[in-house]
Amino acid sequence: MSTDKTSSTDLGKPATAPVDAPPAADAASAAVDPRLLVREQGFGGYLGELKRKVRAGELGALPVIVGLIIICIVFQSLNSNFLTAGNLSDISVAMVGTGMIAVGIVFVLLLGEIDLSVGSVSGVAGASFAVLSVLHGTPEWLALILAILTGAVAGTIHGFIFARIGVPAFAVTLAGLLFWNGFMLKILGDNGTINTNGSGVFYNLSNYFFSDIAVAYGAALVAVAVYFLSAFFDSRRREAAGVPSRPLSEIVLRTVLLAVVAFAVAFMFNQNKGLPLAVVIFLAVLILTDFVLRRTSYGRMIFALGGSVEASRRAGINIVMVRTSVYAISGTFAAVGGLFLASKISAANQGAGSGDLLMNAIAAAVIGGTSLFGGRGRTWNALLGVLVITSIQYGLALEGVAAAIQQMITGGVLLITVIIDAITRKTQKSAGRA
Amino acid sequence: MVHVSATPVLALRGVSKRFGAVQALTDVELEVHAGEVVALVGDNGAGKSTLVKTIAGVHPIDDGVIEWEGKAVQIGKPNDAQTLGIATVYQDLALCDNIDVVGNLYLGRELKKRGVLDEVEMERRSRELLTTLSIRIPSVRIPIASLSGGQRQTVAIARSMLGEPKLVILDEPTAALGVEQTAQVLDLVERLRQRGHAVVLISHNMADVKAVADKVAVLRLGRNNGVFDVKTTSQEEIISAITGATDNAVTRRAARNAEVQK
Ligand SMILES: Nc1ncnc2c1ncn2[C@@H]1O[C@H](COP(=O)(O)OP(=O)(O)OP(=O)(O)O)[C@@H](O)[C@H]1O
Ligand SMILES: [Mg+2]
C-alpha cells in the first residue's frame, strides 16, 4: 500500500520499530487511550458526540444561531414585514460592509490583538475612491484597486510598528484611528461630501442583483455539490489512510442541512430582486479566508501565535512577518468594507467610518464566536455576528425605534455574548477543554 | 560499550551568556558525541536551561564558539539549530494550547500537498509515531489544553523526534512524569543512543542519570565543575561537584543541625 512508503522518511523511528510500518488501522487504535473519546461508528455515534460537546461547553456557533432564531421570532411577531423577502434581502446587502471589516477583525482577534483603526481606514478607502474617480477622472477599476491598496498600506504600517518596534497594538491602532480619520477629512477637502456615479462597477457593488432566478439556485446547487464532494472525498482519503473519518450518514446530514439553508436563502432572494452581487462577493471572501486560515500553513501560524507566542518563536515562525501581514489583511478588509458602505449610499462623506462602525465590526466578530483571547475563531463568525447586529438594526428601524435605543440593545446583545463566552469557557475548563 | 566517534557532534568552547546583571554562563565547555548520552546536572539556577537555549538558538551566545561536527557555526535563531539537526524539548514545554496534537507535532514544518496542509498524512504519521514511542493519549485531534502534564511532555518529546535530529536535547523530561512514563522516556533515550543520536539530558534525578547517561557534565553557578564517566564515578562524587563542596546534602544538614543545637 502506498501509504506505508513514506513512513520511514522523516519519522524518528527507533531501531526497535519494524522496517515496515504496522498496518495503519492498528496504529490508529493503539495510539488512542481506550478510556476516552471512543466514538461509536455511524449516526448514533455522531449524535452522542454532539451531546457530549454541548455538555462540555463546546457550543460553537450554536448560541448565535439560537439567538438569530429568537431575533427572527421576536421581530416577526412585532411586525410581519420583518421576514419578508424585501427586508431580508436589504439586511443581507446592508451587512456586507460591516461584515467585510469584521472578517479583518477576526484575523486580528485570532492573534489575541485588536485593531481600532478599521473604521477610519474604511472611511479613507471610500474617500480615496471618490476623490480619484469623481474629481480626478481615474477609471473606476483602477480607483477601486488604489483605494483597497490604501487600506493595505495603512494596515501594513500599523502592523510593522506593532510587530517590529513592539508598540502595543492598541496604541498603534488608536493613533491610526485618529490619523486616518483626519486624513480622510483632508482629502475630502472643502467638498465635505462627494457623490459617486449612479452606475458603474462601484455603484453595482451594493446595487447589482442577478435577476435571473437560475443564478441564485445555481449558486446554491454548486455550493451544496462542492461541499458534499469535498467532504466525501476527504472522508474516503482518511479511511484509506486508516485515520478516523466522518461516517457517510454524518456527511449526508450536514449536506442536507446546508442544502435546506442554501435553497431557502436562494428562494428568498429570488422572491425579491435576485441574488445580490454584494452577498456573492462576501460569501466568496468568507470561503477564501476560511480556507487560508484552516488549510494553509500561514493560517496555522496565525493560530499558533494566538495560542503561544513563545511556542511559535521556537517553532521557527517569523512572528514579525505574521503580525505585520495580519494587520495588512485587517486594513485591506477595512478598505473593502468601506467601499461597500460608500457604494451603498453612493457617496463619500465626512461621517464615513466614524460612529458605531468600529464597535459594530468588533462586536460582530465576537458575537459570531471569535474569542477575545486569541487562537480561537473562524471568519464565518463574522457572517453570523454581522447578521445578528444588522437584523437587530433593521428590526428596530421597522418598529421606528430611535438609533439611541438601537445602540443600547446592540450593546446588551454583545454583553450577553461575552457572558455566554465566559461561562462556556468555564464549563470547558471543568470539562478539561479550556 | 557504545562506539563513540572521534569528532564530537556538538562542542561548546568557552561559551558565555549574560542577562543584564546576571552572568548566567561563564566559559562553559561541553562535548557531545554521536551515540552518546551526556547528562547535564547542576543545582537550580546553575544555568542548565540557559545552556540548552543557547544551543537551540533561543538565546544567542555572547562569547565563545559553538562547533557542529568540527566546524564553528553561528546559531542565532531556532531555525539555525533546527537546520543543523538539533531538536530540543524545553523545560517549559512551549506547545500551543489551542492547537491539536497533530498541529503541535508539525508546527513550523507542516506537510503540504499542492500548497495545502496535508492533514490526513500528518495525522497518519502522528499516530504512527506515537505508537512507535508507546505514547498513549485520548485522541490526536484534541487540543493540547485537554492533556495532562505528562501527556504534554510526551507530545513535546515526540515533536522533537520528527525530522531525524542528530542531537536531541531534553530539559528535565521526566520531572512531571509518573513511574511508567518516566521509564518510557528513559527507554526512549536508550533507543536514541542505539540509533546513533547524540543526546543531552538534563535531570535532577541521579537514578535517571545513572541509568541512561554515559557522561555527566556538572554546571555550578554558570561554570563547568567537572565531567565524569558514569561507570567509574560514585553518586557522592557527582553530588559534591554539584554543590561545590566535598560534603553533600546529608552532611550539610548534619552540620546545620549541629549549629542550631549549639
Ligand atoms: N530570560 C532570562 N532573563 C534573565 N535572567 C535569566 C533568564 N533566564 C535565566 N536567567 C537566569 O540565569 C540563571 C540560570 O537559569 P537557568 O534557568 O538556566 O537555571 P537551571 O540550571 O535550568 O535551573 P533549574 O534546575 O531550576 O531549571 C538564573 O540565575 C536565572 O535567573
Ligand atoms: Mg532549568
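**Entry 1: the shell around ligand 1**

I looked up which element gives the largest share of the shell around ligand 1, and I found that H1(B) does so, with three residues. I keep in mind throughout that this is a predicted model. Helix H1 (48–56) of chain B is joined by strand S2 (22–32) of the same chain in supplying at least two residues each to that shell. I then listed the nearest of the 14 residues around ligand 1, and these are B:Asn44, B:Gly45, B:Lys48, B:Ser49 and B:Thr50. By kind, I noted four nonpolar, seven polar and three charged residues in the shell.

**Entry 2: polar atoms facing the ligand**

Which side chains bring a polar atom to within 3.5 Å of an oxygen atom of ligand 1? For B:Thr50, I read 2.6 Å between an N or O atom of the side chain and an oxygen atom of the ligand. For B:Asn44, a polar side-chain atom stands 2.8 Å from an oxygen atom of ligand 1, and for B:Glu172 the corresponding separation is 3.5 Å. I also noted that ligand 1, taken alone, exposes 630 Å², of which the protein buries 63%.

**Entry 3: the six-stranded sheet**

I next followed an open sheet of six strands in chain B, whose order is S6-S9-S10-S3-S11-S12 and whose pairing is mixed. Why does one side of strand S6 (86–89) and of strand S12 (223–229) of chain B lack a neighbour in the sheet? Both stand at the edges and each has a single partner strand, so one side of each is left without a neighbour there. From one strand to the next, I recorded an average twist of 15°.

Within this sheet I looked at two pairs. Strand S9 (residues 167–171) and strand S10 (residues 198–202) of chain B run parallel and are paired over five bridges, and among these I found B:Ile169 matched with B:Val200 in S10(B). I then turned to helix H8 (residues 235–243) of chain B, which packs on the sheet and touches strand S3 (37–41), strand S11 (215–220) and S12 of chain B, with its direction at about 25° to that of S11(B).

The second pair, S11(B) and S12(B), is antiparallel and also has five bridges, and B:Leu219 has B:Asn224 as its bridge partner in S12(B). These two strands form a hairpin with two residues between them, and I marked B:Leu221 in the turn for its positive phi of about 50°.

**Entry 4: the four-stranded sheet**

I finally looked up an open sheet of four strands in chain B, ordered S2-S1-S4-S5, in which the pairing is antiparallel. Here S2 and strand S5 (71–73) of chain B stand at the edges with a single partner strand each, so one side of each has no neighbour in the sheet. Direction ignored, neighbouring strands of this sheet are turned by 30° against each other on average. Strand S4 (residues 63–68) of chain B is paired with S5(B) in the antiparallel sense over three bridges, and I noted B:Glu67 opposite B:Ala72 in S5(B). I add that S2(B), an edge strand here, is also one of the elements that supply at least two residues of the shell around ligand 1.

Technical notes. Residues are numbered from 1 along each chain as its sequence is written. Chains are lettered from A and ligands numbered from 1 in the order in which they are written. This is a predicted model: local features need pLDDT of at least 70, side-chain atom pairs count only at pLDDT 80 or more; totals for chains, interfaces and linings use all residues. Side-chain values use heavy atoms; hydrogens and water are left out. A residue is near a molecule or strand if one of its heavy atoms lies within 4 Å of it. A polar contact is a pair of N or O atoms within 3.5 Å; within protein, one must be able to donate a hydrogen and the other to accept it, and residues adjacent in sequence count only if both atoms are side-chain atoms. Accessible areas come from the Shrake-Rupley method with a 1.4 Å probe; for residues, only the protein chains shown count as cover. Ala, Val, Leu, Ile, Met, Phe, Trp, Tyr, Cys and Pro count as nonpolar, Asp, Glu, Lys and Arg as charged, and the others, Gly among them, as polar. Two strands pair if DSSP finds at least two bridges between them. Axes are lines fitted to C-alpha atoms, for helices over the stretch in contact, and angles run from 0 to 180 degrees between N-to-C directions. Contact means heavy atoms within 4.5 Å.
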